[in-house]
Structures are given as C-alpha cells and as structure tokens.
Amino acid sequence: MLNTSALLTDRYELTMLQAARHSGTADRNCVFEVFTRHLPTGRRYGVVAGTARLLEHLQDFRFDQATLDWLRAEQVVDSATIDWLANYKFTGNISGYREGELFFAHSPVLTVEATFAEAVLLETLILSIFNYDSSVASAASRMVTAANGRFVAEMGGRRVNENAAVAAARAAYVAGFDATSNLEAGRSWSIPTMGTAAHAFTLLHDTEELAFKAQLETFGEKTTLLVDTFDIEAAVRKAIELAPNLGAVRIDSGDLGIEVNRVRKLLDSLGAHETKITVTNDLDEYAIAALAAAPVDAYGVGTSVATGSGAPTAGFVYKLVSFEGADGNWNSVAKKSAMKANIGGRKSAVRRLDSRGVATTEVIGSEVSPAADANDRNLLVSLVENGKVNEMYAGPAGTALAREHHKSAKAELPLQGLRLMRGEAAITTEFV
C-alpha cells in the first residue's frame with residue numbers, strides 16, 4: 001500500500017520543476033486546464049468522473065523521507081530540488097465541472113491555479129485519474145440508457161488491474177450502475193455489492209442439484225442460481241423444483257435473446273412468475289440495447305464497462321493557458337502545434353437550456369464570462385481552495401452526490417443526445 005501518491009507521476013514533471021527553479025519561473029502564478037480536444041468518434045457526450053479520487057490522492061501527495069531518498073539515489077533531480085520537494089504541499093485552487101457532469105470537446109472540466117512548481121507536479125496524477133474514470137463513466141452512462149431502468153451491475157474487476165477495478169466500479173456507479181461485484185469498492189465508496197456463485201461452484205459438487213441445494217440452504221430462496229453450466233432447461237426445472245419462489249436465475253452463455261425468452265416461458269409454465277432473469281456474458285451497450293424487448297430483469301457487465309467500451313481513455317490533456325508575469329499582468333498562452341492547438345486564457349462555462357429545461361449549447365468564455373441568460377446553468381464549482389479540499393465532493397458522500405448530479409445533468413439532454421448510434425455531439429459548443 002502506498003503511503004504517498006507523489007510518485008504516481010512522470011519523471012519530466014520533476015525535471016521541469018528543477019529547470020524552472022533554475023530559470024526563476026517556478027514561482028510564477030499559473031492556470032492549467034484539463035480538457036479534451038474531441039470526444040471518442042461518434043460519442044455524443046462524456047461523463048466527468050474521478051473527482052473524489054483526485055481529492056483523496058491530493059491530500060496524500062507528499063514527498064516523505066523514503067521517497068526523497070529514492071529520488072536522491074536515482075539522481076532524478078538535484079539536491080536543492082529534493083529539499084524543495086520535502087516541504088511540498090499543494091496550496092492553490094482547483095475548480096471544475098462537478099463529478100457526474102457531462103462534458104464535450106474543449107469543456108474546461110478542471111482548472112488548477114497555483115505556482116508553476118505546485119501545479120506542474122499534479123499533471124500525471126490528474127490525467128491518469130480523470131482519463132480512466134471518465135472513460136468508464138461515459139461507457140457506463142450509455143449502458144444505463146440502453147438498460148432503460150433495468151438493474152445493471154458492474155463486474156469487470158478481473159479484467160483490469162486491482163486498483164483500476166475499484167476505480168471502475170466507482171465510476172460506473174456514478175454513471176448510474178446499481179451495484180458492483182467489487183468488495184473494496186463497496187467498502188471504500190459505500191457502493192452496493194452483489195454476487196452469488198460462478199460455474200466453479202457447480203462443478204465442485206457431484207451434481208448440479210447438490211450445488212443448487214447447498215446455495216439455497218446457505219442463502220435462501222431469494223438467491224440467484226446460475227443455470228447454464230450444463231443444460232439450461234434441465235437446470236431451470238431443477239431450480240424451481242427445489243425453490244418454487246426462487247429469486248432469480250442467471251444465464252452466462254449462448255444467444256441471450258433466444259435463451260432469455262425460452263427461460264421466461266419455462267419459468268412461467270412452472271408457475272415461477274416472480275423469478276427474475278439476470279444475464280451476463282460480454283455485454284456492452286449495444287448488446288444490452290439488443291435485449292430491450294427480451295424479458296431480462298438485470299444485466300451484469302464486465303470487460304466492456306471496465307475498458308471504456310472501445311474508448312479506454314477520455315483523451316484529456318493538461319495545458320498551461322495563462323501565467324502572471326513579473327509586471328503583475330496575466331498572459332494567455334496556447335499551443336499552436338498542428339492538430340494539437342488549444343485556446344489560451346482562463347475559461348468559464350455554462351450549460352444553456354431552453355425554456356423547457358433541455359440543454360442546447362455549451363458556452364465557453366476565455367478570459368470573459370458568457371453573457372448571462374436566464375436559463376444558463378453555471379458548470380464550474382470550487383473543489384479546492386487555498387489547498388483545502390471541499391469535503392462536499394469527497395469520499396462516499398461525494399460519490400453519492402456525483403451519482404445524483406449525473407442523473408439530473410443527463411436528463412437535460414435532448415433525446416437525440418441519448419442515441420447509441422454514432423453521431424454528432426448532443427449539443428453544440430459556442431466560444432465567446
């Protein structure tokens with residue numbers, strides 16, 4: 001277990017610090033922004049996720065003695081820089097879109113205001129958290145739309161590394177998933193957990209019937225029995241024979257559209273009208289949508305949600321957009337590189353709604369605030385002030401708040417913005 005998050009970064013952040021200290025620019029007040037130049041191809045919106053995790057890591061971003069000793073032994077930076085790092089604590093301000101908010105190309109989802117020395121060290125940490133978590137949340141939100149009110153559980157932990165598994169479960173929950181199979185996510189972020197048995201449990205027993213009996217005797221009739229280890233029809237019949245009021249059956253293989261309809265008819269013929277059907281097996285938003293007319297009650301999604309369903313990163317970048325010169329004046333700066341240009345200056349942003357509360361435009365101002373409109377919703381909130389974390393957005397409570405905010409922000413989208421097919425962004429972006 002890491003005692004500090006300070007080395008969850010790239011070496012060049014520290015070498016830039018040393019060089020900036022040498023040139024006398026390290027203490028310049030700066031504004032860095034996090035944004036993406038474009039959404040993944042065909043996606044209509046993205047979902048901001050990772051804020052509470054960043055706030056947690058920010059408080060642990062310290063260079064303890066063991067870390068300093070390692071940096072010295074590896075000669076990463078000089079002794080004077082190591083001495084400076086020994087006293088590092090972020091004292092600046094961070095504002096941004098609320099977690100769970102929707103974002104689009106060029107949305108200023110996070111703004112970091114501090115000296116260059118303080119702010120540059122956070123680049124890799126911020127991007128690694130927001131790129132992964134927002135990727136998962138964006139995919140999960142589409143899956144929730146496809147599920148159309150049916151229960152959806154995250155179960156992709158075994159497809160990514162152990163730390164990403166917890167982050168994925170949390171991001172999916174923010175985006176509307178109902179539960180996770182990951183216990184650490186449940187403990188750390190107060191997310192409901194679920195799970196019963198895998199095929200190994202059935203295979204462990206001499207017969208499928210004995211496996212079912214063991215599970216029923218242990219957990220009662222409201223449990224979920226996995227019925228596709230051998231023969232689905234025979235398993236369903238045996239399950240209802242043993243537990244007429246069985247909670248649910250799970251199907252994890254085959255043509256789910258066909259199998260679900262067969263199982264529903266069979267359950268009803270056996271009088272098990274209240275027994276629900278859960279499906280798993282490499283689901284993504286398109287597979288879920290294809291089952292919209294099938295009598296499915298719950299979905300379990302693994303690989304696809306934990307890997308962003310084809311978009312494993314949100315594409316966020318962290319760019320210096322303004323700094324305060326020796327004369328006290330602020331200077332807007334921006335890259336002009338081909339295909340990588342950005343807009344300089346501190347940004348502000350609002351979501352413009354029509355009279356019915358439907359989002360129409362993302363209005364972004366650079367060094368100016370968008371003209372006020374009665375239906376505008378301001379998108380930026382204070383997350384860290386003078387180094388102090390706003391606890392409202394942190395921890396399990398912040399996670400629950402983010403989940404509720406996503407639900408309300410998503411409800412503002414025009415209907416075409418919820419379509420799964422490839423298309424343009426759900427709303428237009430206007431720069432002022």
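Q: Which residue follows α10, and what is its phi near?
A: A quick heads-up before we start: this is a predicted model. Helix α10 covers residues 208–219. Right after α10 comes a residue with a positive phi, near 85 degrees, and that residue is Gly220.

Q: What distance does helix α10 reach from its first C-alpha to its last?
A: Helix α10 has 12 residues. At 1.5 Å a residue, the expected value is 16 Å. The model comes close to that, with a reach of 17 Å.

Q: Why can we say that the buried residues of α10 line one face of the helix?
A: Start with the names: Glu208, Ala211, Phe212, Gln215 and Leu216 are buried in α10. Now look down the axis of α10: these buried residues line one face because they fall within an arc of 125 degrees.

Q: Which exposed residues sit on the face of α10 turned away from its buried side, and what do the buried residues pack against?
A: The buried residues of α10 have α9 (199–204), β8 (224–226) and α11 (232–242) to pack against. Flip to the face turned away from them and you meet the exposed residues Glu217 and Thr218.

Q: Which residues of α12 are exposed on the side away from its buried ones?
A: Helix α12 runs over residues 256–269. Its buried residues are Leu256, Glu259, Val260, Val263, Arg264, Leu266 and Leu267. They cover an arc of only 165 degrees around the axis, so they end up on the same side of α12. On the other side, the exposed residues are Arg262, Lys265 and Ser269.

Q: Which elements do the buried residues of α12 pack against, and which residue just after α12 takes a positive phi?
A: For packing, the buried residues of α12 use α11, β9 (248–251) and β10 (276–279). Just after the helix, the residue with a positive phi of about 85 degrees is Gly271.

Q: Which strands stand at the edges of the sheet made of 4 strands?
A: The order in this open sheet is β16-β14-β15-β19, and the pairing is mixed. An edge strand has a single partner strand, so one side of it is left without a neighbour in the sheet. Here that describes β16 (376–378) and β19 (428–431).

Q: How many bridges join β14 to β15, and what is the bridge partner of Lys347?
A: Strand β14 (residues 347–353) and strand β15 (residues 359–366) run antiparallel, and 7 bridges join them. In β15, the partner of Lys347 is Ser366.

Q: Which strands are at the edges of the sheet made of 7 strands?
A: This open sheet has antiparallel pairing and the order β13-β12-β1-β5-β3-β17-β18. Two of its strands each have a single partner strand, so one side of each lacks a neighbour in the sheet. Those edge strands are β13 (330–332) and β18 (388–389).

Q: What is the bridge partner of Phe32 in β5?
A: Strand β1 (residues 29–36) is joined to strand β5 (residues 110–115) by 6 bridges, and the two run antiparallel. Within β5, the partner of Phe32 is Val112.

Q: At about how many degrees to β12 does helix α6 run?
A: Helix α6 (residues 123–147) lies across β1, β5 and β12 (316–324). Its direction relative to β12 is about 140 degrees.

Q: Is Asn131 buried or exposed?
A: Asn131 lies in helix α6. The cut-off for buried is under 20% relative accessible area. Asn131 has 12% relative accessibility, so it counts as buried.

Q: Which backbone nitrogen does the side chain of Asn131 reach?
A: Asn131 touches several residues far along the chain from helix α6, among them Pro312, Ala314 and Gly315. Its side chain also makes a polar contact of 3.2 Å with the side chain of Thr313. The backbone nitrogen, reached at 2.6 Å, belongs to Phe316.

Q: Which residue has the backbone oxygen that lies 2.7 Å from a polar atom of the side chain of Thr307?
A: Thr307 is in the loop between α14 (303–306) and β12. At 31% relative accessibility, Thr307 counts as partly exposed. Leaving aside neighbours within four places in sequence, Thr307 is in contact with Val160 and Pro312. The backbone oxygen in question is that of Thr303.

Conventions:
Residues numbered from 1 in each chain as written. Predicted model: local features only at pLDDT ≥ 70, side-chain atom pairs only at ≥ 80, totals over all residues. Heavy atoms only, no water. Expected span 1.5 Å × (residues − 1). Buried < 20%, exposed > 50% of the residue type's maximum accessible area, 1.4 Å probe, protein only. Arc of directions from axis to C-beta. Contact = heavy atoms within 4.5 Å. Pairing = 2+ DSSP bridges. Axes fitted to C-alpha atoms, helices over the stretch in contact; angles between N-to-C directions. Polar contact = N/O pair within 3.5 Å; in protein donor to acceptor, adjacent residues only side chain to side chain.
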